[in-house]
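Reader: Could you help me learn how to read a structure like this one? I would like to start with the places where parts touch.

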Amino acid sequence: MKYSADPFNIIIGGVGGQGNVLASMILGRMLVSQGSIVTIGETYGASQRGGSVMSHLRVSKVDQFSPLIPEGKAHLIAALEPVEGLRMIGQYGNPDLVTLINLRPILPLDALSGKVAYPDLSVILSKIKDLSKEVWTLKATEIALEMGDPILANVIMLGALAALEILPVNRDVFNRTVADLFVPERQTVNLKAFDSGQEAVRKEK
Amino acid sequence: MNPILHQSGKIELLMGNEAIARGALEAGVQVCAAYPGNPSSEIITTLAAVAVERGIHVEWSVNEKVALEVVAGASFAGLRGLCTMKQNGMNVACDFLLNLNLTGCGGGLVVLVADDPGALSSTNEEDSRLFAKLAGLPLLEPATIQETKEMTRWAFELSEKLSLPVLIRSATRISHARSNVRLGELPQENRKPFWEISQTRVTFPVVKNHQRLSDKQFQAAENFETSPFNLYRGPEKPEFLIITCGSGWLYALEAVVSLDLAHRVGILKMGTTWPLPAAWLLDHLSKAEQILFVEEVDPFLENNIKAFFAQHCATLGIKRFFGKADRSLPETGELNPDIVTKTIQRLLNVPYQTRPTEYADRARETVEQWVPGRDIGFCAGCPHRATYWAIKNALALDGRKGILLGDIGCYSLGMGASGFFQMKTLHAMGSGAGLACGVGQLGRFGLDQPVLTVCGDSTFYHAVMPALANARYNGANFLLLLLDNSGTAMTGFQPHPGTGKKANGEPAPILDLKSICRALGAEVEEADPFQLTETTETILRLLQDNNGPRVLILRRECALIRGKQQKKLFQMTIDQGRCLGDQCGCNRLCTRVYKCPGLVWDPTSGKAQIDEAICTGCGVCAEICPASAIGKEAS
Amino acid sequence: MNEGQKGLEEKVLSKDMCAACGACLGLCPYLKSRQGKVIKLDDCDLTTGRCYAYCPRSQVDWEGLQTKLFGPVYEAIEMGTSRKIVMARATDPVWKGKVQTGGVVSALIDFALRKGMIQKAVLTQREEDLLPYGKIVSQREDVFSCSGSSYISGPTLEALNQGPWKGEERIGVVGLPCQILALAKMKGSNLPTQTPIDRVVLTLGLFCTWALAYKPFKAFLDARFDHRPIRKLDITPPPERLLKVWIGDKVEEISLDEIRAFIRPACQVCPDMTAEFADLSVGTVEGMADWNTLVVRTQRGEELLEQAVAAGLIETRSLTKENLGHLREASLLKKQRALTALKEEGNPDGGYLNLSKELREKIQS
């Protein structure tokens with residue numbers, strides 16, 4: 001499925017500190033280099049201290065759009081954290097939604113302390129399937145930990161996103177984009193992370 | 001090469017703040033100063049990263065008043081200067097600004113204030129545009145990222161034309177939004193500063209200069225008549241007119257398209273929102289009889305245009321106005337496309353659905369039932385968590401119901417569960433120490449509760465020093481806990497006078513906190529918050545003293561700053577055999593009460609675990625565990 | 001009804017009913033003591049906890065405990081079960097001048113340690129600033145340093161809870177009636193614990209009519225005596241009833257009326273003047289400054305006394321009928337006062353003591 005709507009609306013979200021701002025910036029630059037007009041809106045600041053964060057991306061051939069996506073109008077949601085995925089779908093989802101989920105829970109303070117229960121991953125996944133047309137999953141954090149740095153999960157997710165072939169982004173575009181952003185040593189490990197994401201993503205629905 | 005310096009004609013994905021930086025560079029700005037403040041901080045960070053290369057001066061000043069004075073000094077010598085801040089920074093700088101408007105400026109001076117509608121990361125919600133009216137300064141509001149760059153560049157010209165600072169008002173959804181920007185030309189040369197010695201910049205005679213200022217308003221309004229930043233989109237004779245500015249523009253555009261009202265509704269976008277271009281406005285106001293104002297925070301444009309309308313109502317006839325004054329739009333909180341769409345939909349009575357009702361209901365129910373809230377809190381390894389733990393225990397052991405007065409920074413989270421609800425007040429920068437100067441005087445009236453206040457290292461240089469001097473001079477009794485985590489953390493780890501580094505990365509002399517406190521007459525001690533027991537005892541001991549201000553400097557680097565540079569201090573493990581879990585004798589102290597996100601309660605095993613992905617290895621939890629089940633190994 | 005920290009707070013801590021015995025301390029990170037006061041550092045939400053179970057003021061099954069330890073019928077309502085009540089004093093001159101009154105407590109503990117009946121004893125040490133705390137001892141000089149009463153109650157049992165313990169020691173504890181009662185509750189509780197309560201084989205109780213709260217009493221002394229260090233405190237027997245304060249070489253005297261305000265409220269509702277749950281209970285003798293009254297309650301207590309007497313370390317005499325009569329009266333009076341105090345605070349049926357109607361009536365008649 002190639003993206004056809006204009007603007008095409010993507011949300012990348014998770015928990016503050018997971019690097020979703022960097023991920024959305026890289027994705028945005030990749031798309032700009034392929035000729036799109038991209039608008040990205042984010043919420044950071046205090047939310048970085050473990051709160052929910054989202055980046056909204058509007059991809060268009062025509063114009064800049066509002067940096068916030070209207071309710072119910074997301075075409076693609078990439079969630080770095082399962083419950084955040086469900087939260088984003090709740091507000092921005094619709095029956096045609098494509099979802100990509102990193103299956104690693106980050107417990108909110110109340111769940112860490114045992115005050116509330118974090119829902120079972122299988123339940124979250126089934127709810128996400130109920131509310132999406134297509135669902136893809138991967139264990140980005142586990143792969144990142146094996147590579148030695150949990151923050152790489154965000155780039156692994158970009159790799160996974162590229163593998164869905166919805167957007168005009170691939171390994172080459174990624175490579176060229178990060179050449180501007182990272183020093184050579186970091187470029188290598190990020191490319192490796194991107195590749196891992198492409199390989200690891202699985203279709204659930 | 002830094003994308004911010006790419007050549008003219010290139011298209012870059014820039015954040016609003018980066019666009020401002022680029023626009024200032026294209027205008028030949030040479031001196032830039034600011035104090036970090038969300039959502040404005042990235043402007044100076046971006047400029048600082050290229051300062052050496054461009055041969056310009058970019059600094060983090062200790063506070064916004066000084067920052068504005070720094071830039072004004074350069075302006076008086078003929079150079080172009082940019083001062084940026086958030087809405088609260090405007091409050092700090094306005095004393096100078098409200099004198100600067102009378103003395104005028106030399107080289108173009110642009111003051112950029114980025115508001116935080118909805119207070120997503122602020123202690124208040126405030127509309128800075130009112131300062132434009134108060135100070136009589138021209139006000140510009142960009143609505144797109146490209147426009148942000150163009151406006152910034154042009155503002156310097158306008159400033160020089162009028163010999164007046166120009167105010168640009170941005171907001172979160174402009175400053176932090178990214179979009180495609182076509183870059184313009186960068187100048188090849190820097191100007192030479194020149195202070196004509198007969199030049200005086202004094203506000204006297206005040207009334208005469210005030211009159212001159214007032215005349216400049218008309219000049220500015222004239223100038224705005226032909227501004228490309230003001231435009232109209234829609235039918236010749238719309239049934240309904242939306243007047244908007246700033247981020248309202250894109251919301252309104254999208255709303256009109258979604259509701260399929262492009263043939264009925266016109267949108268008037270204003271980029272020059274004060275003073276109002278009379279002729280242009282008159283012309284467009286006559287278009288429709290129903291007008292909706294869409295803008296962030298206060299009905300600023302709304303009220304000014306209504307006043308304008310009252311002046312010209314004989315010509316314009318009867319109109320109906322909608323906006324914040326009549327609560328068609330909410331008067332508080334941030335706007336978004338849904339709020340704007342729903343308002344227009346209601347006012348024009350058109351049907352609209354973003355998604356099938358059945359789906360919407362199901363989605364909402366799912367979230368209500370399955371999605372827990374996510375509070376913000378201190379990061380794993382944050383020294384503030386340890387500090388507040390020590391404060392909590394010291395105050396409990398002291399038993400006199402000590403009062404902790406708070407301030408702005410990451411440590412403000414001491415208000416909530418993450419900081420064990422210790423912090424009791426939160427206002428402006430340095431207000432904790434200021435309040436302590438007051439509450440610390442109440443012993444004479446019988447208040448026997450000890451007084452404490454907390455501030456950060458950056459906050460200290462910003463505003464606490466005068467309060468500390470005041471405390472010593474006037475004899476206020478309190479304990480100041482100075483949390484030194486080596487940076488201005490909440491806003492993005494900017495350097496300050498205690499860090500030994502300048503904005504552009506060059507080394508800087510360190511202004512030693514201990515020496516300053518001593519010089520201001522306080523007794524000073526230092527402690528390491530990661531040594532929990534010791535720190536608790538030190539605080540408890542210092543609470544018993546009641547002789548003027550005492551300072552305890554709690555020195556430990558921010559976990560995120562340390563994380564960027566080094567490996568973990570310790571490898572943490574929990575001995576599952578020793579862990580008491582929810583039994584009497586522990587009852588999950590580490591996960592239920594201390595609540596570091598690196599510690600997780602596993603209800604299946606009935607034990608606590610370390611989350612490797614989150615734990616930063618600070619080692620503090622080992623000291624807390626009553627069963628000595630948490631081990632730490634130097635890594 | 002919460003029987004954990006919440007219950008403890010509601011019934012005892014927030015009502016200022018804490019006796020500062022220390023039974024709830026050293027068990028968990030949530031309760032600590034400072035200057036003789038129990039402080040809650042954080043909330044614990046468990047519904048049952050040892051703090052509540054061990055506390056002598058939360059809930060006491062008075063009659064049940066008596067039956068469990070001493071036999072089926074609780075008859076001696078004035079001062080609890082006794083096999084023998086005598087006068088006694090330490091005969092070894094090594095104790096002279098170092099101990100209060102007859103020196104019986106120190107002599108018995110020292111003997112029990114030397115004989116190996118116990119390997120360790122939990123006694124009460126006083127800090128320079130008069131703050132009492134529990135101390136684990138095994139050497140004679142430590143027994144010396146813990147002798148004497150300061151009339152201030154402190155959290156002695158915290159030391160029993162906290163240890164450190166090797167895991168085999170037999171332990172003796174000397175305590176005030178509230179502390180001895182807490183030990184009885186500990187023995188009766190089946191909550192899992194690190195406290196070596198099963199190895200506490202000997203308890204010695206001290207007679208007590210009231211104890212002073214440290215913080216306000218210390219503040220009073222500091223103000224009165226200009227913060228000068230206090231070497232020793234003593235209360236002279238009736239009819240004088242003065243508080244003697246040793247400062248350096250001088251002895252100052254204060255009328256007891258001045259310090260009554262610092263008596264812990266927990267003492268007003270205490271029915272136990274003679275530490276009814278101990279193996280042996282020790283007090284003064286009216287009009288005989290260097291003798292102790294000694295109440296022997298259990299077989300173990302009796303064995304210890306017999307052996308000490310046989311070794312020539314303790315001598316005993318009969319208590320006069322008059323003295324015994326006064327002792328019984330005084331002890332019963334404390335019980336009556338306790339019931340009255342409980343009634344005044346809204347507990348006409350004995351509140352935390354859960355006394356049967358029958359027993360209450362017997363006491364009050």
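Reader: How many residues do chain A and chain B each bring to their contact?

Author: Keep in mind that this is a predicted model. As a general idea, the size of an interface is often given as the accessible area lost when the parts come together. Here we can count residues instead: the contact takes 57 residues from chain A and 57 residues from chain B.

Reader: Which elements of chain A supply at least two residues of the side that touches chain B?

Author: There are helices and a strand to look for: α1 (20-33), α2 (82-92), α3 (109-112), α4 (121-130) and α5 (140-147), along with β2 (37-42). The most comes from β2(A), which gives 6 residues. Sorted by class, this side of chain A has 29 nonpolar, 19 polar and 9 charged residues.

Reader: Which strand of chain B is joined to β2(A) by bridges?

Author: Look at β8 of chain B, residues 178-182. It is linked to β2(A) by 2 bridges, and the two strands run antiparallel. For a spot to find on your screen, A:T39 stands opposite B:S179 in β8(B).

Reader: Now for chain C: what domains does its domain assignment give?

Author: The assignment gives domain 1 (5-213 + 264-364) and domain 2 (214-262). Their C-alpha centres lie 24 Å apart.

Reader: And how many residues of each domain of chain C are in contact with the other?

Author: In chain C, 16 residues of domain 1 are in contact with 13 residues of domain 2. On the domain 1 side, the classes are 6 nonpolar, 6 polar and 4 charged residues.

Notes: Residues numbered from 1 in each chain as written. Chains lettered and ligands numbered in written order. Predicted model: local features only at pLDDT ≥ 70, side-chain atom pairs only at ≥ 80, totals over all residues. Contact = placed C-beta atoms within 7 Å. Helix = DSSP H or I, 4+ residues; strand = E, 2+ residues; numbered from the N terminus. Nonpolar A, V, L, I, M, F, W, Y, C, P; charged D, E, K, R; others polar. Pairing = 2+ DSSP bridges. Domains from an automatic or database assignment.
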